[in-house]
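I set aside this session to go through one model entry by entry, and to write down what I looked up in the order in which I looked it up.

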Amino acid sequence: MMKTSVDKRRVCVIGAGTAGLCALKNSLEAGLDAVAYERGAEIGGTWIFSEEMPKDEFDEVHSSMYEGLRTNLPKEVMGYPDYSYPDDIAESFITSNQVLEFLRSYAEHFKLKPHIKLQHEVIRVRPRLDDWEVYVWDHSTDTCDPVYYDFVYVCNGHYTEPDIPDVEGLDLFEGKKMHSHLYRKADKFKDERVLIIGAGPSGMDITNHVRVAAKQVFLSHHLSTAPNTAFMGNVTQKPDVQRFIKDGAVFTDGSTESFDHVMFCTGYKYTFPCLSTDVGVQVIDNFVQPLWKHCININHPTMAFVGLPFNVIPTHIFDMQVRFTLKFFTGQRKFPSREQMIADLEQEIGERWGCGVRNQKKAHQMGERQFVYYNELASIAGIENIKPVIHKLMKDCGKKYIFELDTYRSNKYTIVDDENFLKNGEAV
């Protein structure tokens with residue numbers, strides 16, 4: 001069907017979690033006709049706690065929340081730029097349920113619910129000549145129909161498919177094996193000897209939970225500086241696993257330990273099962289390509305991915321990527337040529353590789369680079385940058401889970417203005 005000049009441009013948002021909600025909200029505010037499809041029965045994405053376990057090897061579980069989880073970033077950096085957490089929450093490091101309540105209030109405040117279709121799963125997206133064909137499965141009626149959109153936001157999250165490393169002998173190990181994605185309660189490990197692989201935020205936090213119930217915990221990692229586990233009496237740090245054996249593992253330092261259970265806290269794979277091959281995007285070792293500025297599909301620039309960068313300020317980067325892409329979707333900015341976008345991508349990858357980072361799994365890792373990235377998005381699209389106080393606060397609380405795991409969540413932050421914040425009542 002031909003579009004007339006008065007037709008509203010249509011936007012499909014895949015997912016109604018933290019990223020999908022802000023893609024929906026900003027699209028509506030930009031005057032677009034936007035719909036968000038959420039396969040679950042409620043909004044909130046990864047923040048929804050569920051004790052559901054896979055029914056078989058093909059079944060997916062979408063929750064990664066566990067009992068007792070508190071955020072590893074303060075709520076003062078977890079709000080949206082135009083919608084903060086309420087002042088009546090005293091703590092800075094909050095529970096997953098408080099995050100979920102916040103997302104519900106965001107949707108309520110911006111009147112997003114009429115534009116969200118729950119229990120509607122996008123099962124295929126493919127480009128046509130001048131729009132997108134989106135097949136949506138309505139779980140409530142068990143029907144599947146095509147809908148057509150001008151733009152697509154891919155906000156399906158990346159905490160669903162575990163990334164378990166291929167370690168020699170894993171199939172020989174006769175104990176229990178799991179990924180942190182399915183961890184829910186520490187009492188499952190009562191009086192057991194447990195190996196936890198990975199010392200990122202989840203690995204460190206779960207180690208601290210599990211050690212209370214377990215008899216002994218071994219924490220295997222390759223961090224250059226050993227994390228602080230002195231306050232965990234029954235936790236022993238180990239290097240990488242060289243190979244598994246029947247009742248345990250041999251480590252790269254030649255030592256051997258026996259244990260009943262191994263848990264992989266080794267991250268997740270980026271997967272986009274609903275995207276057809278002619279979308280023109282491929283994932284190679286967690287490097288989603290080819291994307292301009294980590295979000296625009298270079299082969300079909302009317303599609304954007306929100307939330308791929310990691311080691312970032314999550315909610316703020318989601319919002320900024322959406323505002324950045326909307327400047328192009330609404331015609332306020334013109335995309336560079338395909339050749340220029342490819343050249344920009346190759347230049348950035350060249351810089352990353354030049355810094356010694358040749359691991360494709362780190363192609364979307366930001367860390368200190370995130371602040372350069374925010375400046376780029378703001379400059380190119382003429383959008384408001386993340387406030388300096390958010391940058392400063394983020395730097396103050398970064399990496400605390402490694403060295404101050406036992407104390408850092410007792411810190412309380414207060415934002416004073418766009419530049420300054422207080423930490424436990426004192427200026428920083």
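The entries below go from paired strands to a pocket and then to single residues.

**Entry 1: the model.** I note at the outset that this is a predicted model, and I read every value below as computed from it.

**Entry 2: the strands around E2.** I began with strand E2, residues 33–38, and asked how many of its six residues are buried. Five of them are, and I have therefore put the strand down as mostly covered, with buried standing for under 20% relative accessible area. I then looked up its partners, beginning with strand E1, residues 10–14, which runs parallel to E2 and is joined to it by five bridges. Within this pair I found Cys12 opposite Val35 of E2. The connection between the two strands passes through helix H1, residues 18–29, and I recorded E1, H1 and E2 as a right-handed β-α-β unit. Strand E3, residues 116–118, also pairs with E2 in the parallel sense, here over three bridges, and for Ala36 I wrote down Ile116 as the bridge partner in E3.

**Entry 3: a residue of H1.** While I was at helix H1 I picked out Ser27, which lies in it, and asked whether Ser27 is buried or exposed. Its relative accessibility is 0%, so Ser27 counts as buried. I also took the C-alpha separation between Ser27 and Met341, which are 314 residues apart along the chain, and obtained 23 Å.

**Entry 4: the second largest pocket.** I next turned to the second largest pocket, for which I have a volume of about 790 Å³. It is lined by 40 residues, and the closest to its centre are Tyr80, Pro81, Asp82, Ser84 and His316. I asked which helices and strands each supply at least two residues of this lining, and the list reads H1, helix H2 (75–78), helix H5 (314–329), helix H8 (388–397) and strand E23 (413–415). H5 gives the most, with five residues. By residue class I logged the lining as 14 nonpolar, twelve polar and 14 charged. I then asked why this pocket lies between domain 1 and domain 3. Both domain 1 (10–160 + 268–386) and domain 3 (393–427) give residues to the lining, and the pocket therefore lies between them.

**Entry 5: two hairpins in a row.** Strand E13, residues 241–245, and strand E14, residues 248–251, pair in the antiparallel sense over four bridges, and the hairpin that joins E13 to E14 does so through two residues. In this pair I found Phe251 of E14 as the bridge partner of Val241. E14 is also joined by three bridges to strand E15, residues 256–258, again with an antiparallel run, and Val250 stands opposite Thr256 in E15. The hairpin of E14 and E15 has four residues between the strands, and in it I noted Gly254 with a positive phi near 90 degrees.

**Entry 6: backbone geometry in the loops.** I kept in mind here that most residues other than glycine have a negative phi, and that most peptide bonds are trans. Lys111, in the loop between helix H3 (96–109) and E3, has a positive phi near 55 degrees. With a relative accessible area of 61%, Lys111 is exposed, because the cut-off for that class is over 50%. Asp285, which is not a glycine either, has a positive phi of about 55 degrees and lies in the loop between strand E18 (282–284) and E19; at 41% relative accessibility, Asp285 counts as partly exposed. I also checked Pro290, placed in the loop between strand E19 (287–289) and strand E20 (291–292), and found the peptide bond from Gln289 to Pro290 to be cis, with omega near 0 degrees.

**Entry 7: two further loop residues.** Asp142 is found in the loop between strand E5 (132–138) and strand E6 (143–149), and its relative accessible area of 58% makes it exposed. Its C-alpha atom is separated by 25 Å from that of Phe49, 93 residues apart along the chain. Tyr159 lies in the loop between strand E7 (151–154) and strand E8 (161–162), and at a relative accessible area of 40% I entered it as partly exposed. Between the C-alpha atoms of Tyr159 and Gly267, 108 residues apart along the chain, I obtained 8.0 Å.

Technical notes:
Residues are numbered from 1 along each chain as its sequence is written. This is a predicted model: local features need pLDDT of at least 70, side-chain atom pairs count only at pLDDT 80 or more; totals for chains, interfaces and linings use all residues. Side-chain values use heavy atoms; hydrogens and water are left out. Buried means under 20% relative accessible area, exposed over 50%, partly exposed in between (1.4 Å probe, protein chains only). Two strands pair if DSSP finds at least two bridges between them. A crossover is right-handed if, with the strands pointing away from the viewer, the path from the first strand over the helix to the second runs clockwise. On a 1 Å grid over the protein atoms alone, a cavity is a set of points where a 1.4 Å probe fits but cannot get out, and a pocket is an open set with protein on both sides within 12 Å along at least five of seven lines; lining residues have an atom within 4 Å of a point. Grid points are joined across faces, edges and corners, and a volume is the space filled by probe spheres set on the points. Ala, Val, Leu, Ile, Met, Phe, Trp, Tyr, Cys and Pro count as nonpolar, Asp, Glu, Lys and Arg as charged, and the others, Gly among them, as polar. Domain bounds come from an automatic or database domain assignment.
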